[in-house]
Amino acid sequence: MKVLVIKGSPHLNETSSTLVNQFIKGTKEKGHQVEEIYLIKTSLHPCLGCDRCALTNSCIQNDDGNEILNKILNCDCLVLTTPVYYFGVSAQLKTLIDRFYSKNSEINHRHLKVIYMAAAYDSSDKVMEAISAHFDILTSYLNMEEVGRILAKGAASPANLKKEYLLEAYELGKNL
Ligand SMILES: Cc1cc2nc3c(=O)[nH]c(=O)nc-3n(C[C@H](O)[C@H](O)[C@H](O)COP(=O)(O)O)c2cc1C
C-alpha cells in the first residue's frame, strides 16, 4: 500500500511529527511504502476561489500544490497530521485542504483511506471537539474511509506525549 503522510506542523520534528513517526515506523515494518511531506518545506499558496480549476481541472497557483495533489491522488492511504491551532488545523494543513478544491471529484472517486493525527497542549474534553467535527465532515464530503484517528491531548511538546498515544500510533501503522 502507498501511504502518504502530510506533516502539517510548522515545527519540523516536534509533537505531531513525533507522534506520526511512530506510525511510520510501524507502517514500514509492515512493508508498506511511505512518503512524507513536510508542508512547511513546500511552496503552497492559498486557494483564491477564482474557479479557474472548474474550466482547466488544475489550480492556477504556480507552486508545489499540484504535485502534492497528484501524490494524494496516487496514494492508497492519506495521513493528515497537525498541531491544534485555535481548535482547528494549522494554517499549513488548511491551505492544503482548500487546494483539494481543484481535484474534488477525483479525490471523491479515489475513495481514499484516511488517518488523522492531532496534538494539543490542552487536556480538557473540549479541546478536540471542533477539529474532530472537521475531520468527520471532511471524510464524508470527500468520500474517504477513515481507518484511524489519534487526538493527543495534554501534548505541548514531544516530552509531554503520553506513551499510550505513541504506542497507539505505532500499532495503527503495524496493523494497516
Ligand atoms: C498559534 C497556536 C495556536 C494554538 N492553539 C491551541 C489550541 O487551540 N489548543 C491547544 O490545546 N493548544 C494550542 N496550541 C498548542 C499546540 O497545539 C501544541 O503545542 C502542539 O503540541 C504543537 O504541535 P507541533 O509541535 O507538532 O507543532 C497552539 C499553538 C500555537 C502556536
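**Ligand shell, core and two exposed loop residues**

Modeller: In this predicted model, the ligand has 18 residues around it, and Glu 14, Ser 16, Pro 83, Ala 120 and Asp 122 come nearest.

Biologist: What makes a residue count as one of those around the ligand?

Modeller: The cut-off is a C-beta atom within 6 Å of the molecule. The 18 residues pass that test.

Biologist: Which element gives the largest share of the shell?

Modeller: Helix H1, residues 15-30, with 3 residues.

Biologist: How does the shell divide into nonpolar, polar and charged?

Modeller: There are 11 nonpolar, 5 polar and 2 charged residues. Pro counts as nonpolar, and Asp and Glu count as charged.

Biologist: Why is Asn 57 called exposed?

Modeller: The limit for exposed is 12 or fewer other C-beta atoms within 10 Å. Asn 57 has 11 inside that distance, so Asn 57 counts as exposed. Asn 57 is found in the loop between helix H2 (53-56) and helix H3 (65-73).

Biologist: What makes Tyr 86 exposed?

Modeller: Tyr 86 has 8 other C-beta atoms within 10 Å, and the limit is 12, so Tyr 86 is exposed. Its place is the loop between strand S3 (77-83) and helix H4 (91-99).

Biologist: What is the phi of each of these two residues?

Modeller: For Asn 57, phi is near 65°, a positive value in a residue other than glycine. For Tyr 86, phi is near 45°, also positive and also not in a glycine. Most residues other than glycine have a negative phi.

Biologist: Which residues touch the most other members of the largest nonpolar core?

Modeller: Leu 19, Val 79 and Met 117, out of 39 residues in that core. Strand S4, residues 113-119, supplies the largest share, 5 residues. Nonpolar side chains tend to be buried together in soluble globular proteins.

Biologist: What is Met 117 in contact with, leaving aside its neighbours within four places in sequence?

Modeller: The partners are Ser 16, Leu 19, Val 20, Val 79, Thr 81, Ile 150 and Ala 169. Contact here needs C-beta atoms within 7 Å.

Biologist: How many helices and strands are in the chain?

Modeller: The chain has 7 helices and 5 strands.

Biologist: How do you know that the chain is as compact as a globular protein of its length?

Modeller: The radius of gyration is 16 Å, and the globule rule gives 16 Å for 176 residues. The two values are close, so the chain is as compact as a globular protein of that length.

Biologist: What share of the chain counts as buried?

Modeller: Of the 176 residues, 34% count as buried. Buried needs 20 or more other C-beta atoms within 10 Å.

Definitions and conventions. Residues are numbered from 1 along each chain as its sequence is written. This is a predicted model: local features need pLDDT of at least 70, side-chain atom pairs count only at pLDDT 80 or more; totals for chains, interfaces and linings use all residues. A nonpolar core is a set of buried Ala, Val, Leu, Ile, Met, Phe, Trp, Tyr and Cys residues joined through C-beta atoms within 7 Å. Helices (H or I, at least four residues) and strands (E, at least two) are DSSP runs, numbered from the N terminus. Two residues are in contact if their C-beta atoms, placed from the backbone, lie within 7 Å. The radius of gyration is taken over C-alpha atoms; the globule rule is 2.2 Å times the number of residues to the power 0.38.
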